[in-house]
Amino acid sequence: MTTEQNLIPIGKLLRADASSFVAGCRVKDMQNPKFGALVKVALEDGDEIFGLIQNIVINDDGLVRQLVSGMSIPSEYTEDNRYNRNLPVEIHVLTVGFKHQGKVSHQLPPKPPMSLDKLYYCTDSEVVEFTSHGRFGYFRHILRMEDQPVEELLVSHLDKARAAHGDKTNLDWYAQACQELIVSLRDDYQRLANVLNALAELE
Amino acid sequence: MDDYLSNLSGTTQNPAIGYVVGGGLEANLQVRLTVPAQDVQEGAFVIMDSANWRFYGLVTDLQLGSTDPRFADEQSASRLPAHLNRLLQGQTLFTNLAVMPALMMDRGPELGSPAYDSWRELHADEMKPIPVKTVPSHHSSVKLADQADIAEIFGEENGKEIFRVGETREQGHGVCLNLDKLIQRSSGIFGTTGSGKSFLTRMILAGLIHTDHASTLIFDMHNEYGPDSTASDTGKPAPGLAGKFSGKVRLVGLGAGTDFGSKPADFNLEIPFSDITPEDILQLSQTLNLKDTTPTTLDALESHFGQNWFVEFKSMRSNATEEDENGKRVPAPDSVEYWANQVGIHAGAAAALHSKLGRVFNRSYLKETPASNGLNDIINNLEAGRHVVLSFGPHDSDLDYLLVTNLITRKIRDAWEARTNLFHKDKSKNKEPRPLVIVVEEAHKLLNREMAHQTIFSTIAREMRKYYVTLLVIDQRPSQIYDEVMSQLGTRISASLGDEDDIAAVLSGLAGRQALRGMLAKLQPKEEVLMLGWGVPMPIPIRSRRYDDKFWVDLLGEPKPPITFDGGSKKLGYGDDDTD
C-alpha cells in the first residue's frame with residue numbers, strides 16, 4: 001500500500017450507526033476496497049474513526065436483471081453498466097476504534113461519522129500504530145459479530161496487519177495476536193478451532 | 001557467597017514455576033504450572049509468597065488438564081503450524097500441581113523498609129514457621145525452595161546435632177534432621193531389604209555417636225553396625241562404627257567366644273540365671289508355644305524359690321520316679337512332679353513347662369555364675385557416655401533375640417528409672433541421667449500385636465522420654481508392629497516399602513496420609529527416603545546421603561595419615577587429640 005493510494009478516498013459515507021458504517025463507491029473503483037483491510041474516516045474536527053471492511057455488497061437493479069436474463073450481452077453493455085451505473089458498491093465497515101487529539105483508542109467513537117465523509121485506507125504506519133496500541137482491545141468488536149464470517153475477517157486482518165508490521169519472520173506482533181485470540185476463545189472450542197484452521201492456511 | 005547472602009535476605013533465587021489457582025487446606029492447593037512438567041517432581045518442596053506470609057508445601061501430585069477436553073483429545077500438532085500449536089497448547093492444555101501446604105511463616109513488611117524494623121522489634125522471637133492455618137491468595141507465585149528456604153525449615157548442618165540426611169531430589173539442596181529431636185521420642189527407620197535402610201541407619205547412628213548427646217545401645221542382630229563390612233551391592237568396604245569411633249564404641253559379644261569377625265569383642269556378655277524373671281519367660285510364650293497354665297506355674301516357682309527359681313527349676317528332673325516303701329512308683333524328690341505336688345499345682349503342666357524350657361536351659365550364654373558381670377559393664381559404659389554394640393554371634397534365633405533384648409533392656413531401663421527418680425528427688429546432688437537410645441533391629445519381633453503388651457519395648461515407646469530412654473526401631477515390616485506403638489514413634493524415616501499395609505503403617509497417625517501414600521510407594525530403592533512425623537517440621541522425600549568415604553570425611557574430618565617413624569614422635573609429643 002503506497003502513500004499515494006492512501007490519499008485517494010475509496011468511498012464516501014452512505015450511512016452509519018454507533019458500531020458500524022457503510023460507504024459507497026463506484027463499480028469501476030471496485031478493485032480498491034479489500035475485505036479485512038483497516039480503513040479510516042477523517043472527521044472535520046481532525047479526529048479519525050477506524051474500521052475493518054467486513055463486507056462488500058453489490059446490489060442489483062432492474063437493468064442488470066434484464067441484462068442477466070438476456071441471451072447474450074454485448075461487451076459495451078457490460079462496460080457501460082460498470083462505468084455509468086447509478087448504484088454504488090456498498091462497503092460495510094465494522095468500527096473498531098478512533099483517534100482523538102492524536103491518541104488511539106480501541107473504544108467505539110463518541111459519535112459515528114457523517115454521510116459523505118470520505119473513507120481512506122490506513123497507511124502501514126497507521127496500521128502499526130493502531131494495532132499495537134494496548135493489548136488487542138479491538139478484537140472484542142470483531143468477536144462480538146454474529147452471522148458473519150468472523151474467522152475469515154480475523155485471518156484476513158491478521159495477514160494484512162502482519163505485512164504492515166514488516167518482516168514476516170518477525171513474528172512478535174503476530175504471535176501475540178494469535179495468543180490473544182487463543183486466550184479469548186479458549187472456552188469456545190469450535191470457534192477457536194475455526195480461527196486456528198484459517199490461520200494455519202496463512203503459513 | 002553472594003548467592004548465600006542474598007538468600008539470607010529473604011529473596012529466593014529460584015524462578016517461579018507457577019501460580020496458585022485454587023484448592024484449600026483440606027484438599028490440596030492447586031497450582032498452575034508455567035514450566036514444563038518435567039522440571040518438577042512429586043515430593044518437590046515449594047514455597048509460596050502471599051503478602052507478608054511465606055507458605056511451605058510439598059508437591060503431592062501433578063495433573064494434566066485442559067480448558068476443554070476436546071483440546072486434549074485433538075492432536076493439533078499435525079494440523080497446525082508449530083508456533084500456533086505451541087501457543088494453543090500453552091493456553092488450553094496445562095499441568096496443575098497439587099501442593100500440600102505444611103508450614104507458614106510471617107515475614108513482616110518488606111526487608112529494608114522502615115516498617116520492617118519496627119515490626120521486627122515487636123516480633124523478635126516469632127520469625128519461625130508454624131503449621132499452616134490459612135491459604136495463600138490466588139495467583140501467589142510458587143517457586144522451588146532453595147537452600148536458604150530448606151535451611152530455614154530443616155536447619156543448617158552444623159557438624160553436630162543438625163545432621164544432613166540427604167538432598168532434595170530436584171536441586172540437590174541439603175536436608176537436615178535434628179538428631180536431638182530424633183531421640184526426644186522413639187523413632188523408626190523403615191524399608192524393605194535392599195532399600196538402603198542399613199546404610200541409612202548406620203549414618204544416623206554415626207551422627208548420633210558423633211553428636212554425643214546420648215548413649216546408644218545397638219542390638220546388632222545381623223552384625224551390621226559394629227565391625228567393618230562389605231557393601232553387598234557394590235562390593236566396596238563399608239566401615240563400621242567401631243572402627244571409626246574406636247574410643248567411644250564398645251563391642252560386646254553374647255556368650256563366651258562371640259567375636260565380630262576380624263575384630264575381637266571388647267568384652268563378652270553372659271547372663272546369670274538369677275537375672276531371669278518369669279516375665280522374661282512369658283515373653284517367649286509364642287516362640288516356645290507355652291500353655292495358658294504357664295503363668296501359674298511360674299508364679300509358684302517364683303514364690304517358692306525366689307530369685308533362684310530358674311536354676312532350681314532347671315536342676316529338677318522331669319518324669320523321675322522312685323519306688324516308695326510299698327513298692328509303688330512315685331515322683332522322685334528332685335523331680336518336677338514331686339515339686340508340683342508339693343506346692344499344689346498341676347504336675348502335668350509343670351512338667352510340660354519344664355520340657356519346653358529345655359531350649360532356654362541350655363543356652364550357652366546363660367550361666368549360674370558368669371565370669372564377669374557383663375550386664376553391669378554395659379550399663380556402666382552407657383552411663384559413662386559410651387556406645388554399645390551387642391552382637392549375637394551364633395545365637396541368632398528368635399528365642400535368643402527376644403530373651404536377651406528384653407532382659408537387657410528391662411535391666412537398663414530399671415537402672416535409668418532409678419537414676420531419674422534420684423535426679424528428681426535432689427537435682428543438686430544427682431546428675432541428670434544421660435539420654436539413651438536403644439536401637440532394635442527386626443523390631444516387629446518384639447513389638448508385634450501379641451508381644452507388645454508383654455515386652456518392655458512398648459512401655460518405653462509409650463513413656464517417651466520420661467526416664468531418658470527412647471527407642472530407635474528398625475524394621476522392614478512396619479505393618480507387623482502394633483499400631484499403638486507405631487503411633488508413638490515421633491520421627492519416621494522410610495526407605496521404599498513394597499507392601500500397601502507397610503506403607504499405611506508408616507503413615508499411621510499422621511496428617512495428609514493420602515497424599516503421602518503415593519509418594520512413599522514411589523520412592524526409589526537404595527536412593528530415596530521419606531522423612532516424616534513429629535521430629536521433622538514437614539514431610540519431605542529426599543535422596544539419601546551416600547555412605548562412603550566422603551561421608552566420614554564430612555563427619556569426622558580428613559583421616560589422619562599413618563604415623564611414620566620420623567613424624568611419629570613429634571606427633572605423639574604434641575598429644576594430638578583423638579577426634580573420636
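**Strand S11 of chain B and the core around it**

Analyst: Four-bridge pairing is a good place to start: strand S20 (residues 387-391) of chain B runs parallel to S11(B), joined to it by 4 bridges. Please keep in mind that this is a predicted model.

User: What makes S11(B) and S20(B) a pair?

Analyst: Pairing takes at least two bridges, and these strands have 4. One example is B:Leu217, whose bridge partner in S20(B) is B:Val388.

User: How do you know that S11(B) also pairs with S21(B)?

Analyst: The same cut-off of at least two bridges applies. Strand S21 (residues 436-440) of chain B is parallel to S11(B) and shares 5 bridges with it. Within S21(B), B:Thr216 has B:Val437 as its bridge partner.

User: Why is S11(B) called largely enclosed?

Analyst: A residue counts as buried when 20 or more other C-beta atoms lie within 10 Å of its own. In S11 (residues 215-220), 6 of the 6 residues are buried, so the rest of the structure largely encloses this strand. B:Ser215, B:Leu217 and B:Phe219 point one way, B:Thr216, B:Ile218 and B:Asp220 the other, and all are buried. In a regular strand, side chains alternate between the two faces of the sheet.

User: How do you know that B:Val440 touches B:Phe219?

Analyst: Contact requires C-beta atoms within 7 Å. B:Val440 touches B:Phe219, and its other contacts include B:Thr405, B:Leu446 and B:Phe457, leaving aside residues up to four places away in sequence. B:Val440 is also among the residues touching the most other members of the largest nonpolar core, which has 147 residues. Helix H17 (residues 398-425) of chain B gives the most to this core, with 9 residues.

Terms used. Residues numbered from 1 in each chain as written. Chains lettered and ligands numbered in written order. Predicted model: local features only at pLDDT ≥ 70, side-chain atom pairs only at ≥ 80, totals over all residues. Buried ≥ 20, exposed ≤ 12 C-beta atoms within 10 Å, placed from the backbone. Helix = DSSP H or I, 4+ residues; strand = E, 2+ residues; numbered from the N terminus. Core = buried A, V, L, I, M, F, W, Y, C linked by C-beta atoms within 7 Å. Contact = placed C-beta atoms within 7 Å.
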